[in-house]
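The following exercises are intended for a first-year student of structural biology. Please study the sequence and the structure shown below, and attempt each task before reading its solution.

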Amino acid sequence: MKLISNFLKTAFTVDFRLAVKMIINKIVYRNREKYIHANNLAKFDYIKSRFSYLLKKYNKPQSSDAKNTGPIWVFWWQGQDNMPEIVKLCYNQLLQSSTAAHPVVFLHEKNLNDYIVIPEYIINKVKSGIISFTHFSDIVRLSLLAEHGGLWIDSTVYVHNIIDEEIFSKRYFSAKAPFNPKYISRCEYTGFLIGAAPQSRWILFARDLLYEHWKHSQILLDYVFIDFILITAFDELPHLKEELTPCIRYTPHIHKIEEMRNLKCNEADFNKYLEECQFYKLSYKLEFKQLTPDNDLTWYGRLVKNKRHTENG
C-alpha cells in the first residue's frame with residue numbers, strides 16, 4: 001500500500017514519468033543499494049529536465065572574487081527561549097566568534113518577514129505541516145543569501161575562534177569533508193555552513209527551483225532534495241565548479257566532536273582538533289552527555305567546560 005501511495009503522490013504532484021521510473025526500479029532492483037542509486041539517477045534526470053529553463057537562466061559565469069559583506073544568519077523558528085541546550089551552546093559560542101563587520105542576525109518566526117518575503121503558498125504549506133521546519137530552513141537560507149548575502153550557519157554548528165574575514169572575501173564559502181559518493185552532496189560542500197555574495201547564481205538557482213517545486217507539489221522529492229538541487233547546479237552550470245572550488249574550505253574533522261561526543265575526552269586530542277578545525281557540526285536530535293559512566297568528562301562535557309571558561313574570561 002505504501003508503494004502505491006508514494007506512486008500516486010509522486011505521479012500527481014511531482015511528475016508521472018518519474019513515478020513510473022521509480023516503480024520500475026523497485027521491481028527491477030532487488031538489491032537496496034542499486035535501487036537507491038537508480039532512483040537517485042531518476043531524480044537527477046527529472047530535475048535537469050523539469051527545470052532546464054532555470055539551468056539556462058543561470059548559465060552565465062560569474063567572478064568568484066565578489067566580496068561578501070552580509071551578516072551571519074542563524075535560525076531557530078521557535079525563538080531563543082525554546083532552544084535545546086545544544087543549540088544554546090552553539091548560539092552563545094557563535095556570538096563570541098563573530099565580528100562587528102559581520103554581526104549575527106538571529107531569525108525566528110516573529111522577525112523573519114523583516115528580512116525576506118517567502119511566497120504565501122510556502123508559508124501555508126509550513127503551517128499545514130506539508131513542509132517541515134527542517135526543509136523550510138532550506139528555503140529560508142537560500143532566500144536570505146540570494147537577497148542579502150552573508151554566511152548561513154546552522155543552529156547546531158559549534159564555532160571555535162573568531163570567524164576570519166577571509167571567509168567573506170570571495171563570492172562563495174562552504175566547507176567540505178573527504179569526498180564520499182555515498183552522499184548526494186559527495187561532501188563537496190555543506191549546506192549547514194554556506195555563504196554567498198548577493199545574487200550569486202548557485203544560490204539563485206537553488207532558491208528558484210525550491211520555489212517552483214513547492215508551487216506545484218505537495219510532497220518533498222527526497223529528504224536531501226536541497227543536495228540534489230545544489231549538485232545539479234554544481235555539475236550542470238558552466239564553470240560553476242571553477243567558481244566554487246577556491247571558495248570551499250577542506251574541513252575533514254567537521255563531524256569529529258559529534259562522533260566522539262559521549263566518549264571520554266583526551267585533552268591533547270581535544271585541543272588538537274579545535275586548532276585544526278574551526279567549525280563542528282552537532283545535532284539536537286542526538287543524546288549528549290557531559291560525563292561518562294565512570295564520571296570522566298566527555299568530549300561534549302569538555303565543550304561545555306570550554307564555554308564556561310570563555311565566559312569567565
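**Exercise 1.** Leaving aside its neighbours within four places in sequence, which residues is Asp 208 in contact with?

*Solution.* Note at the outset that the model is predicted.
Step 1. Locate the residue: Asp 208 belongs to helix α8, which spans residues 201-216.
Step 2. Set aside the neighbours within four places in sequence; the contacts of Asp 208 are then Leu 54, Lys 57 and Tyr 58.
Step 3. Decide whether Asp 208 is buried or exposed. Buried means under 20% relative accessible area. Asp 208 has a relative accessibility of 10%, so it counts as buried.

**Exercise 2.** Describe the overall build of the chain.

*Solution.* Step 1. Consider the secondary structure: the chain holds 13 helices and 8 strands.
Step 2. Judge the compactness. The radius of gyration is 21 Å, close to the 20 Å that the globule rule gives for 313 residues; the chain is therefore as compact as a globular protein of that length.
Step 3. Consider the extent: along the principal axes, the C-alpha atoms fill a box of roughly 60 × 45 × 40 Å.
Step 4. Consider burial and surface. Of the 313 residues, 53% are buried. The chain exposes about 15700 Å², and carbon and sulfur atoms supply 52% of this area.
Step 5. Consider the contacts between residues at least 6 apart in sequence: 76% of them join residues at least 24 apart.
Step 6. Consider the charges: the chain has 41 positive and 34 negative charges, and their mean positions are 6 Å apart.

**Exercise 3.** Identify the largest nonpolar core and the element that gives it the largest share of residues.

*Solution.* Step 1. Recall a general tendency: in soluble globular proteins, nonpolar side chains tend to be buried together.
Step 2. State the size: the largest nonpolar core has 60 residues. Those with the most contacts inside this core are Ile 122, Phe 136, Ile 139, Trp 202, Ile 203 and Phe 205.
Step 3. Find the main contributor: helix α8 supplies the largest share of this core, with 9 residues.
Step 4. Examine one member, Trp 202. Not counting residues up to four places away in sequence, Trp 202 touches Tyr 172, Tyr 189, Ile 194, Leu 230, Ala 233, Phe 234, Leu 240 and Leu 244.
Step 5. Look for another core: one of 39 residues lies apart from the largest, and its members include Phe 106, Val 157, Leu 282 and Tyr 300.

**Exercise 4.** Where does Val 157 lie, and which residues is Val 157 in contact with, leaving aside its neighbours within four places in sequence?

*Solution.* Step 1. Val 157 lies in strand β4.
Step 2. The relative accessible area of Val 157 is 1%, so this residue is buried.
Step 3. With the neighbours within four places left aside, Val 157 is in contact with Cys 90, Phe 192, Phe 279, Tyr 280 and Lys 281.
Step 4. Compare sequence with space: Val 157 and Ile 86 are 71 residues apart along the chain, and their C-alpha atoms are separated by 9.4 Å.

**Exercise 5.** Describe Cys 187 and Glu 188, and then Asn 161.

*Solution.* Step 1. Cys 187 is found in the loop between β5 and β6, and Glu 188 is in the loop between β5 (172-176) and β6 (193-196).
Step 2. Cys 187 has a relative accessible area of 14% and is therefore buried. Glu 188 counts as buried because its relative accessibility is 15%.
Step 3. Leaving aside neighbours within four places in sequence, Glu 188 is in contact with Lys 176, Phe 179, Ile 231, Phe 234 and Ile 248.
Step 4. Turn to the backbone: phi of Cys 187 is near 60°, a positive value in a residue other than glycine. Phi of Asn 161 is also positive, near 75°.
Step 5. Asn 161 has its place in the loop between β4 (157-159) and β5. Its relative accessible area is 43%, so Asn 161 is partly exposed.

**Exercise 6.** Which residues does Asn 25 touch, not counting residues up to four places away in sequence?

*Solution.* Step 1. Asn 25 lies in helix α2, which covers residues 16-28.
Step 2. Asn 25 is buried, since its relative accessible area is 10%.
Step 3. Not counting residues up to four places away, Asn 25 touches Tyr 35, Ala 38, Asn 39 and Ala 42.

Methods. Residues numbered from 1 in each chain as written. Predicted model: local features only at pLDDT ≥ 70, side-chain atom pairs only at ≥ 80, totals over all residues. Heavy atoms only, no water. Helix = DSSP H or I, 4+ residues; strand = E, 2+ residues; numbered from the N terminus. Rg over C-alpha atoms; globule rule 2.2 N^0.38 Å. Buried < 20%, exposed > 50% of the residue type's maximum accessible area, 1.4 Å probe, protein only. Contact = heavy atoms within 4.5 Å. Areas by Shrake-Rupley, 256 points an atom, 1.4 Å probe, with all protein chains shown as cover. Lys, Arg positive; Asp, Glu negative; His and termini not counted. Charge placed at Lys NZ, Arg CZ, Asp CG, Glu CD. Core = buried A, V, L, I, M, F, W, Y, C linked by side-chain atoms within 4.5 Å.
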